[in-house]
Structures are given as C-alpha cells and as structure tokens.
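Subject: Structure handover and what was found in it

Dear colleague,

I am passing a structure on to you with this email, and below it you will find my notes on what turned up. Please keep the model open while you read, so that you can look up each residue as it is named.

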Amino acid sequence: MNTKKIALIGLMTAVICVLGPISFPLPVSPVPISLGLLGVLLATYMLGMKWGTVSCLVYLLLGLVGLPVFTGFTGGVGKLFGPTGGYLIGYIFLTLIAGFFIGKWPSKWPLHLVGMVLGVAVCYLFGTLWLGYLLKRTFVEALWIGVIPYIPADMIKIAITLGLGGLVRRQLKKAGFVE
C-alpha cells in the first residue's frame, strides 16, 4: 500500500461519511432512504474490491465508535443493532461482490451493473433478515417494509455510480492512482 492508495481510501471513506447521514424517512418503514449506499458503491467502483471493502470497514468502524456518519447523523453500537444494522453489515458483502465484478472485468460496464445489482441484493438480504427479526415479521413482510420501496432509488444510485464512477475511475487510471 502506498501513500496514493491510503489517500484514496481516506477520500472515499470521507465520501461515504458525508453521504451516509443524508437520508429521507419513509412513513411505511423504520429504514430511511439513505445516500450511504451511493457512497459505498462509488468507493467500490473507484477502489475495487479490496480497498473499497477497507474504505467501507473504516466507515463502519467510525460509526461504531460513535461518529455521526450513519443515517440521520447518528452513530454508535445501537445503530448497528437497530433496524438499519443488517443493511450496514450488508455493505461489506456489497463491496466484495461488486468489487469482484469490477476488478474481474474492468472494461465491461454491463458486468459491473450485474455485480452491483447482486451486491445490493445481498445487502438487502442481510437487512431484511435483521429487520424481520427485530420487528418480529416474516421475511416477506420485512421485504415489503425494508426493500421494495427502496428499489427505484437504489437503481438510480447504481446508474449514477456507473456514469460518474466510470468517468472518475478512467481519470484516476490515467493519473496512475488506480490499476
């Protein structure tokens, strides 16, 4: 790991920390629409699987120790054990899955899309299981509360990542910051 890589990890962690607290509550769910997912997707697209996951883990650790980087400018252990905790843990698997696709096929954006959709689906799975457990709801009920209303917004976040992320990643490659 070199200084450039550390700086990029720090920068992308900061992007997640800035976007993560920005959220919009939905009346049908204790889970708000959050821009944190956009930050995680961008970090993964910029840094790839390994360093994108590191960036995500640093973000989660910052929130775990109490910094207000989670939805609604909250942080702490309680947030990870609250209704959104499963989704936050799911971010780790999202970065691994999407990052794998991005790294394996660096110039094939349709496969990047597949990786991001699969990664978000696994994130949804963790979030749905945890939300259902906390609210004492079936898996299907938890899906309707914590996933179905969010799909359109999350597809927009993926589209933004593919567009913006692709442009920025090409510039980072030209500058020698990423492989």
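A good place to begin is a cluster of aromatic residues, in which Tyr59, Phe70 and Tyr91 are linked by ring pairs. Please bear in mind throughout that this is a predicted model. The cluster belongs to a wider picture, as a search of the whole structure finds seven aromatic pairs.

To read such pairs, it helps to know that two aromatic rings are described by the distance of their centres and the angle of their planes. For tyrosine 59 and phenylalanine 70, the ring centres are 5.5 Å apart and the planes stand at 85°, and because an angle over 60 degrees counts as edge-to-face, this pair is edge-to-face. Tyrosine 59 lies in helix H2, whereas phenylalanine 70 lies in the loop between H2 and helix H3 (77-80), so the pair ties together parts that are 11 residues apart in sequence. Are these two residues buried or exposed? Tyrosine 59 has a relative accessible area of 1%, and because buried means under 20%, tyrosine 59 is buried; phenylalanine 70, with a relative accessibility of 1%, counts as buried too.

Another edge-to-face pair is formed by phenylalanine 100 and phenylalanine 101, with 5.8 Å from centre to centre and 85° between the planes. Here phenylalanine 100 is partly exposed, at a relative accessible area of 39%, while phenylalanine 101 is buried, at 14%.

Turning to the helices, H2 (residues 36-64) and H4 (residues 85-104) pack with their axes 8 Å apart and at an angle of about 90°. Because angles of 65 to 115 degrees count as roughly perpendicular, H2 is roughly perpendicular to H4. Sorted by class, the residues in the contact of H2 with H4 are 17 nonpolar and seven polar, with no charged ones.

A ring also takes part in another kind of arrangement, since lysine 4 lies over the face of phenylalanine 177, at 5.2 Å from the ring centre.

Finally, you may like to look at leucine 125, which lies in helix H5 (residues 109-135) and counts as partly exposed at 38% relative accessibility. Leucine 125 and isoleucine 16 are 109 residues apart along the chain, and their C-alpha atoms are separated by 21 Å.

With best wishes

Methods. Residues numbered from 1 in each chain as written. Predicted model: local features only at pLDDT ≥ 70, side-chain atom pairs only at ≥ 80, totals over all residues. Heavy atoms only, no water. Axes fitted to C-alpha atoms, helices over the stretch in contact; angles between N-to-C directions. Helix = DSSP H or I, 4+ residues; strand = E, 2+ residues; numbered from the N terminus. Parallel < 35°, antiparallel > 145°, perpendicular 65-115°, else oblique. Nonpolar A, V, L, I, M, F, W, Y, C, P; charged D, E, K, R; others polar. Phe/Tyr/Trp six-rings, centres within 6.5 Å; stacked < 30°, edge-to-face > 60°. Buried < 20%, exposed > 50% of the residue type's maximum accessible area, 1.4 Å probe, protein only. Lys NZ or Arg CZ within 6 Å of the ring centre and 35° of its normal.
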